Amino acid sequence: VDDGSTDGSSIICDEYANKYEKVKVIHKQNGGQNSARIVGLSNSQGKYICFVDSDDYIDSEFLMNFQKILDAYEPEIIAIDCTRFNDKGTYLLNNSCNAGYYYGEKLAELKEKLVYDEENKKINLGAIMPSLWSKCFQRKNLIKAYQNIDTTIKIGEDMLISMPMLNNCKSVYVSDYCGYFYRFNELSIVNTFRIKDFAKDRKLVQILDVQMPDHKKQLSCYLFFRMFNYVASCAYNIKTYKEFKENLKHEFIENDIKRVKSLKYKNFFFQEKIKLFALKYKLWLIFWFKYKRKSKI
């Protein structure tokens, strides 16, 4: 799916389509990642779907790995590990649960730590990575999940689809295969600081609250994770403490703080307890000194 590209990559896509019978190219106006995926899904035919983002790549065994698992287990979803890379090097990104086939009681236990894994006790994104590109889905379930998707969500858009699907499925296979290569771009949309961006995180959590009502505690931990990241980014990027404090005053509503205050310290390690305490009582000076110092290194 060519989502209104302007760098000449659309020509390369057409060259592949002319050379390989199984490659189909769709050109469309730029509408964002979810918009592109919806168009791709509506033109798809397979029983299962997987995604590859435009700046990533896969190894030659990527689809074969999925096929072997599907032949053996026929799960609704397959979740794999991946390899993250940039010009500084590579390292593995792993799901924090054991590899294997999950269904019944075993799957129910996994679902209890989908969004946040309490056993880890550090702020985290749960037992299974939320990314869509590290998954293989049954097409019929994926199309259903996208029917009422909020296309205005730009931060956490993968999580908006993957977490409810994982929560509602009856079988998952978790693989330790690492054949997806995720390019970590420090200037990408998820890594670029923007003032007044936290409202998008709040909106994502509000939507997931409705879709996953049994996971509100986990989602509160996720909100804590996002609040902490936002405060640290503000301290790192904003020039003066006055601007930093004023921005946080307007960015966080009372319900954000109230939700964080509901979390118990026993669920976190010491460093996380300090972060939680500082957020609960709006001790912004702690974050300012810690992360402003880092910005000068």
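Which residue of strand 11 is the bridge partner of T83?

This is a predicted model, in which local features need pLDDT of at least 70 and side-chain atom pairs count only at pLDDT 80 or more, while totals for chains, interfaces and linings use all residues. Residues are numbered from 1 along each chain as its sequence is written, and side-chain values use heavy atoms, with hydrogens and water left out.

**Exercise 1. Find the partner of T83 and place its strand in the sheet.**

Step 1. Fix the terms. Strands (E, at least two residues) and helices (H or I, at least four) are DSSP runs numbered from the N terminus. Two strands pair if DSSP finds at least two bridges between them.

Step 2. Take the two strands. Strand 6 covers residues 82-86 and strand 11 covers residues 180-183. Three bridges join them, and they run parallel.

Step 3. Read off the partner. T83 is bridged to F181 in strand 11.

Step 4. Widen the view. The open sheet has four strands, in the order 4-11-6-7, with mixed pairing. Its edges are strand 4 (57-58) and strand 7 (89-93), each of which pairs on one side only.

**Exercise 2. Count the disulfides and account for C82 and C136.**

Step 1. Set the rule. A disulfide is a pair of cysteine sulfur atoms within 2.5 Å.

Step 2. Test C82. Its closest cysteine sulfur is in C178, 7.3 Å away, which is too far for a bond.

Step 3. Test C136. The nearest cysteine sulfur belongs to C50, at 5.4 Å, and C136 is in no disulfide.

Step 4. Give the count. By this rule there are zero disulfides.

Step 5. Add the burial. Buried means under 20% relative accessible area, exposed over 50%, and partly exposed in between (1.4 Å probe, protein chains only). C82 is buried at 0%. C136 is buried at 4%.

**Exercise 3. Describe the surroundings of S175.**

Step 1. Locate it. S175 sits in the loop between strand 10 (171-174) and strand 11.

Step 2. Check exposure. S175 has 7% relative accessibility and counts as buried.

Step 3. List contacts (heavy atoms within 4.5 Å). Leaving out residues up to four places away in sequence, S175 touches N65, I69, A79, I80, D81, N95 and A99.

Step 4. Look at the side chain. A polar atom of the S175 side chain lies 3.1 Å from the backbone nitrogen of Y177.

**Exercise 4. Set out the phi, place and exposure of E74 and K282.**

Step 1. Take phi. E74 has a positive phi near 50 degrees, in a residue other than glycine. K282 also has a positive phi near 50 degrees and is not glycine.

Step 2. Place them. E74 lies in the loop between helix 3 (62-73) and strand 5 (77-79). K282 lies in the loop between helix 11 and helix 12 (284-295).

Step 3. Assign exposure. E74 is exposed at 53% relative accessibility. K282 is partly exposed at 41%.

Step 4. Turn to the preceding helix. K282 comes just after helix 11. In helix 11 (residues 270-280), the buried residues are E272, K275, L276, A278, L279 and K280.

**Exercise 5. Which residues does L204 touch, not counting those up to four places away in sequence?**

Step 1. Locate it. L204 belongs to helix 7 (residues 198-211).

Step 2. Check exposure. L204 is buried, at 0% relative accessibility.

Step 3. List the contacts. L204 touches I153, I155, G156, M159, L160 and Y222, with residues up to four places away not counted.

Step 4. Relate it to V1. L204 and V1 are 203 residues apart in sequence, and their C-alpha atoms are 25 Å apart in space.

Methods: A polar contact is a pair of N or O atoms within 3.5 Å; within protein, one must be able to donate a hydrogen and the other to accept it, and residues adjacent in sequence count only if both atoms are side-chain atoms.
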